[in-house]
Amino acid sequence: MKNVSIIFILLLYIILFVFTGCEYDKDEVCFVGIPKTEEKEITFNLLNLPSGATIYIYQETKLKYDLNLPEGNILKQKFMLGNKEFFSSDGYILLDPKGYNSRTEEKLILDVKVDSGSESIAGKLGLESYIGRFEYNIIFVPDANLSLQNISHHKNNDDYFELTWSKPELEQYTVEKYRITYYHDRTEYVEEITNPNQTVFIDTRAVFGYLHYRIETFFKESYRKPWVDNYTISIDFPKYSVKFEYTGINSARISWPKNEYKSKYAFASGYYGDIIYEGTNNYFDIEDLASFSTKHGVGIFPLSSFGEWVELYVLPMSANTISRNMPMHYDELYSQSLITRDKNYDDYIAFVDTSNDILFIKNKDEIWSYNRKTLEMINNTEISNTMPSNWRIHAFCSEKTSTIFIANYDWIDLISYDFKNHEKIQFESTDVLNYQYAYLGTNDVVFICPKITIKEDESDIKSILYAYDLKSRKLISSLSLENMWDNIVVSRDGQYVCVYNDVRALVYKFSENAFSLLYTEECSSYGLGSYDPKNINFNEKISNQLIITLSPGMYNNEMYTVNVENGAKSEKKRCSYRCSDPYTGNVVAVHGSKCTIFDTILNKERLSLTNSDSDYLFDDLFLKSGGSDQKKLYYLNITNYLKK
């Protein structure tokens, strides 16, 4: 093995000797030419921004780039964001601010290295490669509000609808234009604002109803997504804002709120009804209410017991035609009314203290007091168990004690005018008294009969009328009645009592705590057999005047008055008694759809209304309730309309 090593060393020396013995020829033929590597540039275009620029990222954003490389093997291509490498695809860099604190800064770096392809030793050693390094400053703002700010609407100086907003002020958000899409009458409109400094849009069609605007904001930066904002507003009138008011007994005005924006109106009565009025005024006058009532199927008083359905179109000034697609306010039209309850009016009673001018309204267990002259409410309360089955019939005022007297099932409710005191009373009697048919006169005498009981001996059909003093609760008088089925009415002042049936009426005078027969009225018969109805009442003002209606509510009805002191009678009128005025004595009567007010002896028609009705008349104030599902008590002061 040692000999082999010696031989290898000798051969190496011989070779070195041979080479060193040769002369080096400097002729150019001995050179091998290696061309110099051509200088080529790596270019990187990111949003046309130079390396070192700052880019704000507010939301997930795709940044498009162009990377131009010279020919050769790519030795290195690496994107770094801060100290983390990330990958791009399809010429896009995807940056997301999620997870960063606001205004966090990171460096975006691209390192590229491409083999030059040189045959030189340096090229072979990789020392002649193309190298590129690009840096950008990235600022993440994840909490930025990427929408228009301060969007609102106003009325401009020309009374048109104006939509305004604030111009975006975020870095690298340069507004190019706004596009606004909106609808009117089911038609789409699109308008563009190309002036980026214009942040106002005027819509002359926007006057009423539901309005919706879609605002798209486009930016010059191609990598910024458009903003989309929606703005909605509803312009409407409140319910029951269409008003009806009497300007005369046969004239009226219908009005509604003036719209905020420049507009005109069209008014229709009924559902899909005909247009009654069209114009720019927010009201129209009815010169002939009777003709209007007949033409449109409404009343004069009240206009409608259940409310008249109306449609009010609110139109832009440019509208030439009217269609169902146009903005509309639906409403119910009523006569002037006292709204006195949250629940419906099933029925009600009204009674008045004429000495103190206090009007009381009772509906079920609720009671209201009003100043009779001004109709301003004084007080309101709810008292349970004050509603008998026939509760509409009897409620009175004790003007001497300022107490409300309400007839109930088995007692009398006494309630102070201020509603603070409530007492239930009964009277001593061997009979079971029929409290719900009790009467109270202004003399504070209570008139009451026993309850009707059917006995085995049908021949015993007599009854009795008791008179009690309200203050002492003591029995002060009584009157034997021949027939328990007779009807009883008492004059307002408690001085007269009428006991009547289908054949005759007996009037007793109550004076010095005693009953005395004063007048007998034999009633006419129309051959209706055992049922020949009569309705008899005392005039609320003139206590000695009876108002008798034969066949009330029928076509052949007749009404007349009788002075029970002297027997004087008025002529008969073809109508039925409805009520009388405790202040004036005027008599209200109805026949069909006609309502007439007569003087006290029916000599003169002081007022006549078609399509009208009234439940009460207090010092020329009509009162009428709505239908069973209504919450209104209508009123009309007819003082100025009465014939002298």
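What percentage of the 644 residues of the chain count as buried? The share is 47%. The model is a predicted one, and the account below goes from the chain as a whole to individual sheets and residues.

**Overall composition and confidence**

The secondary structure of the chain consists of three helices and 49 strands. Among contacts with a sequence separation of 6 or more, 55% link residues that are 24 or more positions apart. The exposed area of the chain is about 34200 Å², and carbon and sulfur atoms supply 48% of that area.

Mean pLDDT for the chain is 87, with 86% of the residues at 70 or more. Residues 26–32 have pLDDT below 50, and in the model this stretch makes two contacts beyond near neighbours in sequence.

**Sheet 16-17-20 and helix 3**

Strands 16, 17 and 20 form an open sheet in the order 16-17-20, with antiparallel pairing. Its edges are strand 16 (243–248) and strand 20 (283–286), each of which pairs on one side only. On average, neighbouring strands here are turned by 20 degrees against each other, direction ignored. Strand 17 (residues 251–255) is joined to strand 20 by four antiparallel bridges, and within this pairing A252 is opposite I286 of strand 20.

Helix 3 lies across strand 16, strand 17 and strand 20 and runs at about 60 degrees to strand 17. The loop between helix 3 (289–296) and strand 21 (308–315) contains P302. The peptide bond from F301 to P302 is cis, and its omega is near -15 degrees.

**Sheet 28-29-30-31**

A second open sheet has four strands in the order 28-29-30-31, again paired in the antiparallel sense. Strand 28 (395–398) and strand 31 (422–425) are the edge strands, pairing on one side only. The average turn between neighbouring strands of this sheet is 25 degrees, direction ignored. Four bridges connect strand 30 (residues 412–416) with strand 31 in antiparallel fashion. I415 is placed opposite H422 of strand 31.

**Strands 43 to 45 and the cysteines**

Strand 43 (residues 576–580) pairs with strand 44 over four antiparallel bridges, and Y577 is opposite A589 of strand 44. The two strands form a hairpin with six residues between them, and G585 in the turn has a positive phi of about 85 degrees.

Strand 44 also pairs with strand 45 (residues 594–598), through five bridges and in the antiparallel sense. Here V590 stands opposite C595 of strand 45. The hairpin of strand 44 and strand 45 has two residues between the strands, and G592 takes a positive phi near 65 degrees. Strand 44 (residues 587–591) is mostly covered, as four of its five residues are buried.

How many disulfides does a search of the whole structure find? The search finds zero. For C575, the closest cysteine sulfur is that of C595 at 9.8 Å, which is too far for a bond. A disulfide would require the two sulfur atoms to be within 2.5 Å. C579 is likewise in no disulfide, the nearest cysteine sulfur being that of C595, 7.7 Å away. C575 is buried at 5% relative accessible area, and C579 is buried at 6%.

**Positive phi outside glycine**

E512 and N611 both have a positive phi without being glycine. The table sets out their values.

| Residue | Phi | Loop | Relative accessibility |
|---|---|---|---|
| E512 | about 55 degrees | between strand 38 (504–511) and strand 39 (514–522) | 78%, exposed |
| N611 | near 50 degrees | between strand 46 (605–610) and strand 47 (616–618) | 29%, partly exposed |

Which of the accessibility classes applies to E512? E512 counts as exposed because its relative accessibility is 78%, and exposed means over 50%. N611, at 29%, counts as partly exposed.

Notes
Residues are numbered from 1 along each chain as its sequence is written. This is a predicted model: local features need pLDDT of at least 70, side-chain atom pairs count only at pLDDT 80 or more; totals for chains, interfaces and linings use all residues. Side-chain values use heavy atoms; hydrogens and water are left out. Buried means under 20% relative accessible area, exposed over 50%, partly exposed in between (1.4 Å probe, protein chains only). Two strands pair if DSSP finds at least two bridges between them. Axes are lines fitted to C-alpha atoms, for helices over the stretch in contact, and angles run from 0 to 180 degrees between N-to-C directions. pLDDT is the predictor's confidence in each residue, from 0 to 100. Contact means heavy atoms within 4.5 Å. Accessible areas come from the Shrake-Rupley method with a 1.4 Å probe; for residues, only the protein chains shown count as cover.
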